[in-house]
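Subject: Handing over the model

Hello,

Here is the structure I promised to pass on to you. Please open it alongside this message, and my notes follow below.

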Amino acid sequence: MLHQPLLCGSRAATTAHSTLFASSLSGGINASRTSFAGNSFSGHFGLKLNTQASGSKSNSTGGVFNEGRNSGKLRTSNAHGARSTEGVTEEEALQVIESRPSWKTFPGQAFPLGVSEVDNGINFAIFSQHATAVTLCLVPPESGSMDALDGGMIELALDPHLNKTGDVWHICIECFSQNKQDLPRSNVLYGYRIDGPQDWGKGHRFDSNIVLVDPYAKLIEGRRYFGDISMKLFKFLGTYDFDSLPFDWGENCKLPNIPEKDLVIYEMNVRAFTSDESSGLENNIRGSYLGVIEKIPHLLELGINAVELLPVFEFDEMEFQRRPNPRDHMINTWGYSTINFFSPMSRYASAGGGPVNASREFKLMVKALHSAGIEVILDVVYNHTNEADDPNPYTTSFRGIDNKVYYMLDNDGQLLNYSGCGNTLNCNHPVVMELILDSLRHWVTEYHVDGFRFDLASVLCRGTDGSPLNAPPLIRAIAKDAVLSRCKIIAEPWDCGGLYLVGSFPNWDRWAEWNGKYRDDLRKFFKGDAGMKGSFATRVAGSSDLYKVNNRRPYHSINFVIAHDGFTLYDLVSYNCKHNEANGEGGMDGSNDNFSWNCGFEGETDDASIKALRSRQMKNFHLALMISQGTPMMLMGDEYGHTRYGNNNSYGHDSSINNFLWDQLDARKNDHFRFFSKVIEYRHAHKVFSHENFLSKTDITWHEHNWDNYESKFLAFTLHDNSGGDIYLAFNAHDFFVEVMLPTPPTKRSWFRVVDTNLVSPDDFNLDGLPCKGNTYNIAPYSSILLEAKFSLENPPLTIVQ
């Protein structure tokens, strides 16, 4: 029987997540008026004006069509620059177009997919193996002679004889003449209507009434402001920008290139980091990419050197509100519901700036983080999309383009669900695999990101029928890809179908893993479970039982106690049970196995002894995490003790439950935060905690002769330093004092106490260390110590005279 993970991916595995999704409204895209990049347009997204886009004849509206196939140079759509923008306004009724511009078109070319600029125009290309009809839909900006169109949608029906190569449909539209009615090089919205077989039992879900988002769109236009309830039914279309200048990364742009063994990862949510009023930022940049830049000094003070951003691909935060359901009061603030894999989340732009600004500001954020020596790792969701399940479908892109290709199906043509979210992306299909690789390369080349954490990565190890693969083509391709060779690649090695691969994820000696066993074993040890001492020792020593295979290293273990899903660190020591009533599911969602201990009282209390014990426990967890071999990861907010009041599945709360509370950080700056930042600083300064290889007998001495004592909850060991600066650590999970005999320190050195979690700040951490008196130490219940062997005044270091 497969071991079930404590926390399944980024949503609750115990609940059919598909109930979150509402059925799409009939008639496809809603009509809306939006101010777009400084030019207003009307999105009349239900309109049909089909024009055969092929041949060399004029049509009734004066368009000239040329059969000459374009073979010129191309430039793929980059998203550079910014321009002034305004917010989305109210929806309008559909209007009928009486005329359209005279555009010269060409058959176009099949590659690259998406929108690209070629010598004589703009090329559009989209894959659909099973489509019988494809129509390109365009919404030009309202300007000049285009005013007569009032921004209406123009539709060009592609001729399969001229506008199709293999399974790729394509067309090129001229845009470089002096004619003002040429297709603009920016500010244009576009999508596709696609028709095909109507055989549900064979997996087809075509609906030509819906205008679909291009999977290769580099920018997505939708509502402009996060969580705008008045625009909850607003739809999404692709857009492009060939007018802006390339982003200036700087002449001496250098990537941090931090070795994996030296990383300290900080998992964070872009919006939640600065959304709260206590951030002190102006309203227009709170919750934005620019907001992150403003708070880089905090990250530096904390000491982390890598941020792992919760999903920043375009997603629909209003997905729970498409129809009445128990969760229609919530807003998806985590972002695990991708609309498009190439476009940055547009509503993380400042001041409702839209997709072009979002792209530029994301790059500004990456550039600023890199300048501060901080790497950027993206949490990416390639296991499913936002398009829900078959009972409550929400068609925005892949489902309507070619459901049978993009999703895993059973023998009856129904969606398989290994993601817990209603659908599973068909990751190892050649076309989908190339889509994912193209997406990853785009984020590396266009946005300079440093790595990726793959949500529910075991899904990526399944074949097209859902069965596990020993050598998944996609996993291998990511590991071997030249563009991705410099990137950190991290798997969440389980899925919601029970494929638990911690320690056995196909890796090609490159993939790191979220070590779920590390999380579970440390939680059990510190809450006082019997029989956990050996497992605890194995985890802090680098989990060689899992990763000492072939050329894998300790740093392939991403060690964590807390992540975005589940309890915060404060809640882990304050709640025995989850408290998810606010989620609307009657407490049925979220994990029931949290391995937590409330220290004697459930939830908030004024009892000073319980509060002190909780403080010790949080310090114990943090110290153990930072002295463990492997790559440590901590959660945003744990540095001040953030609470979600026992909610262990808080994905749908755009509020203080998830937001970083800067006033609480200020209140804990001199005690809790000080300890956390000092321990991280200490890790960076002492390489004994970040070995390149697994520990040998010369690297560590275990002060234990009775490993089989089931009742023992105490562990002590010494990490040896080549220069003699050994470090002694002891962890006491008993409810009584343990007096230990200290080992003999290296020659001419003495033991100095750096950490004792039983002491209050500032005595809990002393970088210089206080000399230990005698050869014993009495370790308090539920506490930890760290001693360093240093030269004392009586035994100063030798001075060599030349």
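Let me begin in a loop: A351 is found in the one between β17 and α4 (354–371). Please keep in mind throughout that this is a predicted model. A351 has a positive phi of about 55 degrees, although it is not a glycine. With 36% relative accessibility, A351 counts as partly exposed. D509 is another residue to look at in this respect, with a phi near 60 degrees, again a positive value in a residue other than glycine. D509 is found in the loop between β20 (488–491) and β21 (512–514), and its relative accessible area of 28% makes it partly exposed.

Those loops lead us to the barrel. Eight strands close into it, with parallel pairing, in the order β16-β17-β18-β19-β20-β21-β22-β23. On average, neighbouring strands of this sheet are turned by 25 degrees against each other, direction ignored. For one pairing in detail, take β17 (residues 306–309) and β18 (residues 375–380), which run parallel and are joined by four bridges. There, V307 stands opposite V376 of β18. On the helical side, α12 (residues 608–627) lies across β22 (557–560) and β23 (631–635), and runs at about 150 degrees to β23.

Now to the packing. In soluble globular proteins, nonpolar side chains tend to be buried together. Here the largest nonpolar core has 172 residues, and the members that touch the most others are F124, Y266, L378, F452 and F454. Helix α12 gives the most to this core, with nine residues. There is also a second, separate core of 19 residues, which includes I490, A512, L546 and Y547.

What is F124 in contact with, once its neighbours within four places in sequence are left aside? Its partners include G114, V115, L136, L138, W169 and H170, and also I171, I173, L183, Y190, Y192 and Y240.

The hairpin of β7 and β8 deserves a look as well. These two strands have two residues between them. Five bridges join β7 to β8 (residues 121–127), and the two run antiparallel. S116 stands opposite N123 in β8. Is β7 largely enclosed or open? Strand β7 (residues 114–118) has five of its five residues buried, so the rest of the structure largely encloses it.

Just before that hairpin there is a cis peptide bond, which joins F111 and P112 with omega at about 0 degrees. P112 has its place in the loop between β6 (105–106) and β7. Another cis peptide bond joins S761 and P762, with omega at about 5 degrees. P762 lies in the loop between β28 (749–756) and β29 (765–771).

On to the aromatic rings. The structure holds 50 aromatic pairs. W494 and Y500 have ring centres 5.8 Å apart and planes at 15 degrees, so this pair is stacked. W494 counts as buried at 0% relative accessibility, and Y500 counts as buried at 10%. For F526 and F536, the ring centres are 5.4 Å apart and the planes stand at 80 degrees, so the pair is edge-to-face. F526 belongs to helix α8 (residues 516–526) and F536 to helix α9 (residues 533–540), ten residues apart. Both F526 and F536 are buried.

Two arginines also sit over rings. R205 lies over the face of W200, at 3.7 Å from the ring centre. The charged end of R322 sits over the ring of Y394, 3.2 Å from its centre.

Finally, a histidine. H429 is found in the loop between α5 (398–406) and α6 (430–445). Why does H429 count as buried? Its relative accessible area is 16%, and buried means under 20%. Leaving aside neighbours within four places in sequence, H429 is in contact with V405 and T464.

Happy browsing, and do write back once you have had a look.

Best wishes

Terms used. Residues are numbered from 1 along each chain as its sequence is written. This is a predicted model: local features need pLDDT of at least 70, side-chain atom pairs count only at pLDDT 80 or more; totals for chains, interfaces and linings use all residues. Side-chain values use heavy atoms; hydrogens and water are left out. Two strands pair if DSSP finds at least two bridges between them. Axes are lines fitted to C-alpha atoms, for helices over the stretch in contact, and angles run from 0 to 180 degrees between N-to-C directions. Contact means heavy atoms within 4.5 Å. A nonpolar core is a set of buried Ala, Val, Leu, Ile, Met, Phe, Trp, Tyr and Cys residues joined through side-chain atoms within 4.5 Å. Buried means under 20% relative accessible area, exposed over 50%, partly exposed in between (1.4 Å probe, protein chains only). Rings of Phe, Tyr and Trp (its six-membered ring) pair if their centres lie within 6.5 Å; planes under 30 degrees apart count as stacked, over 60 as edge-to-face and the rest as tilted. A charge sits over a ring if NZ of Lys or CZ of Arg is within 6 Å of the ring centre and within 35 degrees of the ring normal.
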